[in-house]
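Dear colleague,

I am passing on the structure we spoke about, and below it you will find my notes on what came out of it. Please read them alongside the sequence and the model.

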Amino acid sequence: MDGKVWLTLLTVVAVGLAIAAAVLLARVFKARRLLVDAGIPLRDKALFWVAVIYTVSPVDLIPDPVYLDDIGVLLLALRSLHAAAGAAGVGRAARTAKEPDAVG
């Protein structure tokens, strides 16, 4: 493989990771809308802002063409926000926990 092929491959991977990070960032914002004034602890609300600031910050653990650290922080924030929503009885997490199984 020559240099152009490697450069193209790395560009495609970097674009794919950037798209994944953007999608996760949008999901974090959507999860935050569920938690506004729902009695969620300040820690979980602060985690939203930490994840957003880390994602858009130029200072990262791994340089920005590789968005794996950003994706990890966003996934952690999403998991925590959805757990907080379920504990507070807000959103899809609460509905699925409260609904009985429709078996038989």
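Lys-30 counts as exposed because its relative accessibility is 56%, above the 50% that marks the boundary for that class. This residue lies in helix H1, and, the model being a predicted one, the value is computed from predicted coordinates. Although 48 residues separate Lys-30 from Leu-78 in sequence, the C-alpha atoms of the two are 9.6 Å apart in space.

Leu-78 itself belongs to the buried residues of helix H3, and, once its neighbours within four places in sequence are left aside, it is in contact with Leu-24, Arg-27, Val-28 and Ala-31. Leu-78 is also one of the residues that touch the most other members of the largest nonpolar core, a set of 14 residues in which Leu-24, Val-28, Phe-48, Ile-71, Leu-74 and Leu-81 share that distinction. The elements that contribute two or more residues to this core are H1, helix H2 (42–56) and H3, with H1 giving the largest share, namely 6 residues. As background, nonpolar side chains in soluble globular proteins tend to be buried together.

Helix H3 runs over residues 68–88, and its 21 residues reach 30 Å from the first C-alpha to the last, which is close to the 30 Å expected at 1.5 Å a residue. Its buried residues include, besides those already named from the core, Asp-69, Asp-70, Ala-77, Ser-80, Ala-84 and Ala-85. Just after the helix, Gly-89 takes a positive phi of about 80 degrees.

Among the residues of H3, I looked more closely at Ser-80, which is buried because its relative accessible area is 17%, under the 20% cut-off. Leaving aside its neighbours within four places in sequence, Ser-80 is in contact with Asp-44 and Leu-47. Ser-80 and Ala-31 are 49 residues apart in sequence, while their C-alpha atoms are 10.0 Å apart in space.

Finally, there is the surface of H1 to consider. Val-13, which is found in this helix (residues 3–35), counts as partly exposed because its relative accessibility is 45%, and that class lies between 20% and 50%. Together with Trp-6 and Leu-9, Val-13 makes a nonpolar surface patch of about 280 Å².

With best regards

Technical notes
Residues are numbered from 1 along each chain as its sequence is written. This is a predicted model: local features need pLDDT of at least 70, side-chain atom pairs count only at pLDDT 80 or more; totals for chains, interfaces and linings use all residues. Side-chain values use heavy atoms; hydrogens and water are left out. Patches are made of residues with over 30% relative accessible area and no salt bridge: like charges are joined within 9 Å, nonpolar side chains (Val, Leu, Ile, Met, Phe, Trp, Tyr) within 5 Å. Accessible areas come from the Shrake-Rupley method with a 1.4 Å probe; for residues, only the protein chains shown count as cover. A salt bridge is a side-chain nitrogen of Lys or Arg within 4 Å of a carboxyl oxygen of Asp or Glu. Helices (H or I, at least four residues) and strands (E, at least two) are DSSP runs, numbered from the N terminus. Buried means under 20% relative accessible area, exposed over 50%, partly exposed in between (1.4 Å probe, protein chains only). The expected span of a helix is 1.5 Å times one less than its number of residues. A nonpolar core is a set of buried Ala, Val, Leu, Ile, Met, Phe, Trp, Tyr and Cys residues joined through side-chain atoms within 4.5 Å. Contact means heavy atoms within 4.5 Å.
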